[in-house]
Every structure is written in C-alpha cells, then in structure tokens.
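Work through the exercises below with the sequence and the structure open. Try each task before reading its solution.

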Amino acid sequence: MEKTQFELVSPEQLLHSGEVAMVVVPGAEGDFGVLPRHAPMISTVRPGVISVYEENRSMVSRRIFVGGGFAEVTQERCTVLADSVEAFDEIDRGATERALKDAREDLEDAKNEIEKTEAAKQVNVLEEKLRALETF
Amino acid sequence: MASLKELRSRISSVKSTQKITSAMKMVAAAKLRRAQEQVEASRPYADRMARMLGSLAGSVQGSNGPKLLTGTGKDDVHLLIVATADRGLCGGFNSSIVRDARKHIEQLKSEGKTVKIICVGRKGRDQLRRQHGNDILETVEGVTKPRPTFDKAHAIAQDVLNRFDQGEFDVCTLFYARFKSAISQIVTRQQLVPFDEEHSANLEAAEEEAQAEKQAGFVYDYEPDEEEILKELLPRNLAVQIYKAILENNASENGARMTAMDNATRNAEEMIKDLTLVYNRTRQAEITKELIEIISAKEAM
C-alpha cells in the first residue's frame with residue numbers, strides 16, 4: 001500500500017516520524033485527511049485530535065491530542081508543528097477538568113485584552129480536550 | 001618561611017577546593033549532556049518552522065505584511081534581550097555575552113537611539129545594572145531551573161509581543177552564546193523583530209528548497225490564507241527562537257563551566273604538588289637543624 005511520511009513535532013521533541021497510510025488533522029477550517037500525493041498546502045491547526053492510520057485506511061493506530069499549531073502537506077509528507085502534545089490515552093479527565101476550572105477563573109480575572117485572549121485560548125484548548133474524550 | 005602547621009593547613013584547604021571544582025566539573029558534564037540532548041530534540045521543530053516561514057515570507061512580499069515581518073518603518077527604539085546564566089563560575093561565558101551586548105548598546109546610544117533591555121539570567125543583569133540600570137525593563141530568572149521548557153520561552157516571547165503591540169520598540173535583538181563545543185561558545189546576535197531573513201538559521205537553505213519546489217510546479221494552498229497563517233506563525237517563531245537561545249545558552253554555560261572547572265582542578269593539582277614539595281623540604285630542613293643542634297650540644301659537653 002502506498003504510504004506517506006508523517007511527522008509530528010513539538011518545540012521540545014520529535015514525537016512521531018514514520019510512514020503512514022493516512023492521517024487526519026484538525027485544520028482550522030475543518031478536519032482534513034492526508035493521503036499519499038496530497039496537494040501541497042499549509043494550514044493552521046486548531047486544538048483537537050490527530051488520528052494516525054499506520055497500516056491501512058480503516059483502522060486508527062494512534063490518536064494524539066494537539067493544542068493547536070501548523071501543518072504543512074506536500075506530495076510526499078505531512079508535517080505537523082504542534083504547540084502542545086498529549087497522547088490520547090494519557091489524558092487525565094480529572095486533571096483536565098480542574099485545569100479548565102482554573103483557566104475559566106483566569107479568564108474572569110484577566111485584567112487586560114492580552115491576558116484575556118491568552119486565557120480564552122487556554123480554555124478553548126481544554127474544552128476541546130474534554131470534547132475529544134467524549135467523542136472517541 | 002611559613003611554618004609547617006601553616007603549610008599543612010594550606011595544603012588541606014587547596015585539596016578541599018579541588019574536590020569542589022572536580023565535583024562541579026562532573027556535574028557540569030552531566031548537565032551538558034542533557035542540555036545537548038535537548039538542543040538536538042528541539043531542532044526538528046525549528047527547522048520545519050524555518051522551512052514554512054521561508055515559503056510563506058516569499059509569498060507575502062510588500063508592505064501589507066504583518067508588522068513583525070516588515071517592521072514599524074522606524075528604528076528609533078531598540079529592545080535587547082540579553083540571555084546569560086543565573087550562576088557564575090563558568091569562565092568567561094557571562095562576560096563575553098555582556099561585552100558584546102554592551103558594545104551594541106554603546107553604539108546604538110552614540111547614534112542617538114533609545115535602548116531598552118530585558119535580561120534573561122541574573123548574571124547579565126548584575127553586570128549591566130551599573131552602567132545601564134535605567135534601561136533594564138525586566139529580568140527573568142530561573143529559566144533553566146529545573147530544566148528549560150518551552151512554556152518559559154513562550155512567556156518571555158509573549159511579554160516581548162505585548163510590548164511590540166503597544167509600540168514600545170521598533171527593533172528587537174537577542175544576545176546569546178551558541179554552543180559549538182565544550183571549549184568553544186560563540187556569542188551570537190540575532191535580530192528577532194523585524195523578522196530578519198538573513199540571520200535566521202537555515203532559512204536561506206529552506207528558501208532555496210521552497211524555490212526549487214515552486215519551480216517543480218509546486219504551489220502551496222493556504223488555509224485560511226497566507227496572512228492569517230503568518231499572523232500566527234511569526235509570534236510562534238519568536239518564541240521558538242527564544243527557546244532555542246535558552247537551550248543553546250544552557251549547553252554553552254555547562255560547557256564553559258566544565259572547561260573552567262577542569263582548569264581549576266588542574267591548577268589545584270599543581271598547587272598541591274608545589275606546596276607538598278615546600279612542606280617536605282621545610283620538614284627535612286627542620287629535622288636536619290635539630291640533629292645539628294643535638295650533635296653540637298653533645299660535642300660541647
């Protein structure tokens with residue numbers, strides 16, 4: 001089966017690098033699947049789950065939560081630069097809920113526009129994380 | 001000539017100093033290895049980001065790009081980020097960064113520009129405070145404790161971006177020491193704002209690659225569009241560059257400390273040797289003297 005190169009990198013490390021049959025990335029304007037020989041594109045990534053199909057196109061072999069970032073797709077490869085990364089199986093619901101509560105408080109306490117956007121972003125990421133837990 | 005007792009205590013004090021320096025050397029060596037691993041681990045992200053920026057910056061030419069890319073059109077106020085270590089005892093590491101920063105500050109001031117400074121690391125602030133204390137806006141400490149993380153770099157970048165949005169500066173330059181080897185660290189000046197294509201690491205190669213791809217009938221689709229992506233990518237790049245500087249600095253600091261402590265240990269060794277020689281000689285002389293005294297006393301009887 002034809003495969004494409006998929007790389008997932010966070011600022012701190014290279015998380016995944018290898019051949020995959022398909023990968024589904026949560027793009028800013030909707031999820032998109034990348035198959036071999038995909039048209040070249042660059043997109044922003046919203047917080048959500050990346051699904052990696054390593055062997056074939058019908059079975060997800062790995063799910064990874066990313067807190068936003070960028071994706072670059074060319075004919076031979078797909079590179080995702082993620083802001084923050086967490087393996088889907090390792091998400092701790094309790095901790096996430098607590099973090100979300102804190103983040104919401106931060107949002108209410110935000111003193112200026114910049115703090116507000118920063119906190120809102122954080123809330124959004126955590127909400128998406130919880131939603132991901134519901135969905136999959 | 002020093003008495004035997006004094007010599008003995010000198011020797012034991014040099015010995016304990018040597019123990020400390022050799023322990024510090026070993027700690028620095030272990031930390032260096034970890035720091036190097038972190039630098040290696042962060043490289044893929046920075047490379048890919050440079051590649052993306054290369055292909056994007058080429059497509060958004062002209063004056064309508066984001067200000068982080070094109071600048072404010074002035075260069076009156078300069079913000080310098082001086083990244084040093086929090087601790088000393090690492091040879092000329094801190095001083096050489098500060099020396100370069102100071103040179104830059106003086107040049108800017110002689111041209112009548114305003115200079116603002118953000119210090120990352122306590123030692124840099126300590127050295128700059130005397131002459132340029134009024135220009136220091138902020139000092140960030142403890143970025144490498146317990147280890148450098150991207151979040152810390154991100155926080156610094158956020159602060160810089162806020163200041164930029166409020167029009168507090170026009171040009172931003174970062175000072176740090178690039179790690180080459182344990183004995184060689186290169187003080188580096190990097191312009192962050194406006195985005196300087198020439199000085200950005202690997203960017204030229206990345207752009208060439210992008211160019212080559214373009215010629216091969218390679219045109220990217222942008223989602224949402226170039227400007228939107230750039231608007232997110234540029235601040236991100238700033239944080240990545242600062243993160244890179246912190247990591248390189250961390251490796252450089254430990255490399256410099258390792259070399260400095262190695263030298264100190266060797267010097268202590270030499271000092272102990274010399275002192276022991278003097279000690280033994282003195283002891284011998286004393287014994288001889290006493291013998292002569294006994295013998296001559298005996299003869300006089």
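**Exercise 1. Confidence in chain A**

Task: Find which element of chain A has the lowest confidence and which has the highest.

Solution. This is a predicted model. Start with the elements of chain A. Helix α2 (residues 113–135) has the lowest confidence, with a mean of 84. Strand β3 (residues 22–27) has the highest, at 94. Now take the whole chain. The mean pLDDT of chain A is 89. A value of 70 or more is reached by 100% of its residues.

**Exercise 2. A residue of helix α2**

Task: Decide whether E128(A) is buried or exposed, and list what it touches.

Solution. First, place the residue: E128(A) belongs to helix α2 of chain A. Next, check its accessibility. The relative value is 16%, so E128(A) counts as buried. The cut-off for buried is under 20%. Last, look for partners. Setting aside residues up to four places away in sequence, E128(A) touches R46(A), P47(A) and F65(A).

**Exercise 3. Surroundings of I117(B)**

Task: State where I117(B) lies and which residues it contacts.

Solution. I117(B) sits in strand β2 (residues 114–120) of chain B. Its relative accessible area is 0%, so I117(B) is buried. Now leave out neighbours within four places in sequence. The contacts of I117(B) then include L79(B), L80(B), V82(B) and I105(B). L128(B), H132(B) and D135(B) are also among them. So are I136(B), L137(B) and E138(B). For contrast, try E228(B), which is 111 residues from I117(B) along the chain. The C-alpha atoms of this pair are separated by 30 Å.

**Exercise 4. The buried side of a helix**

Task: Name the buried residues of helix α4 (residues 122–132) of chain B, and say what they pack against.

Solution. The buried residues are G124(B), R125(B), L128(B) and H132(B). They cover an arc of only 90 degrees around the axis, so they lie on the same side of α4(B). Then look across from the buried residues of α4(B). They pack against β1 (77–83), α3 (93–110), β2 and β3 (136–140) of chain B.

**Exercise 5. Salt bridges**

Task: For three salt bridges, find which parts of the chain each one links.

Solution. Begin with the principle. Side chains of opposite charge can pair when their charged atoms come close. The structure holds 23 salt bridges over all chains.

- E2(A) and R37(A) meet at 3.0 Å, N to O. E2(A) is in the segment before β1 (4–10) of chain A, and R37(A) is in the loop between β4 (30–34) and β5 (41–53), 35 residues apart. E2(A) is partly exposed at 39%, while R37(A) is exposed at 58%.
- R189(B) and D100(B) meet at 3.1 Å, N to O. R189(B) lies in strand β5 (residues 184–193) of chain B and D100(B) in helix α3 of chain B, so the pair ties together parts 89 residues apart in sequence. R189(B) is partly exposed at 31%, whereas D100(B) is buried at 14%.
- D135(B) and K109(B) have their closest N and O atoms 2.7 Å apart. D135(B) is in the loop between α4 and β3 of chain B, and K109(B) is in helix α3 of chain B, 26 residues away. D135(B) is buried at 17%, but K109(B) is partly exposed at 36%.

**Exercise 6. A nonpolar patch**

Task: Find which residues form a nonpolar surface patch with I294(B).

Solution. Start from I294(B), in helix α7 (residues 226–300) of chain B. I294(B) counts as exposed, because its relative accessibility is 54%. The patch joins I294(B) with I287(B), L291(B) and I295(B). Together they have about 370 Å² of accessible area.

Definitions and conventions: Residues are numbered from 1 along each chain as its sequence is written. Chains are lettered from A and ligands numbered from 1 in the order in which they are written. This is a predicted model: local features need pLDDT of at least 70, side-chain atom pairs count only at pLDDT 80 or more; totals for chains, interfaces and linings use all residues. Side-chain values use heavy atoms; hydrogens and water are left out. Helices (H or I, at least four residues) and strands (E, at least two) are DSSP runs, numbered from the N terminus. Buried means under 20% relative accessible area, exposed over 50%, partly exposed in between (1.4 Å probe, protein chains only). Contact means heavy atoms within 4.5 Å. pLDDT is the predictor's confidence in each residue, from 0 to 100. Patches are made of residues with over 30% relative accessible area and no salt bridge: like charges are joined within 9 Å, nonpolar side chains (Val, Leu, Ile, Met, Phe, Trp, Tyr) within 5 Å. Accessible areas come from the Shrake-Rupley method with a 1.4 Å probe; for residues, only the protein chains shown count as cover. A salt bridge is a side-chain nitrogen of Lys or Arg within 4 Å of a carboxyl oxygen of Asp or Glu. The arc is that of the directions from the helix axis to the C-beta atoms.
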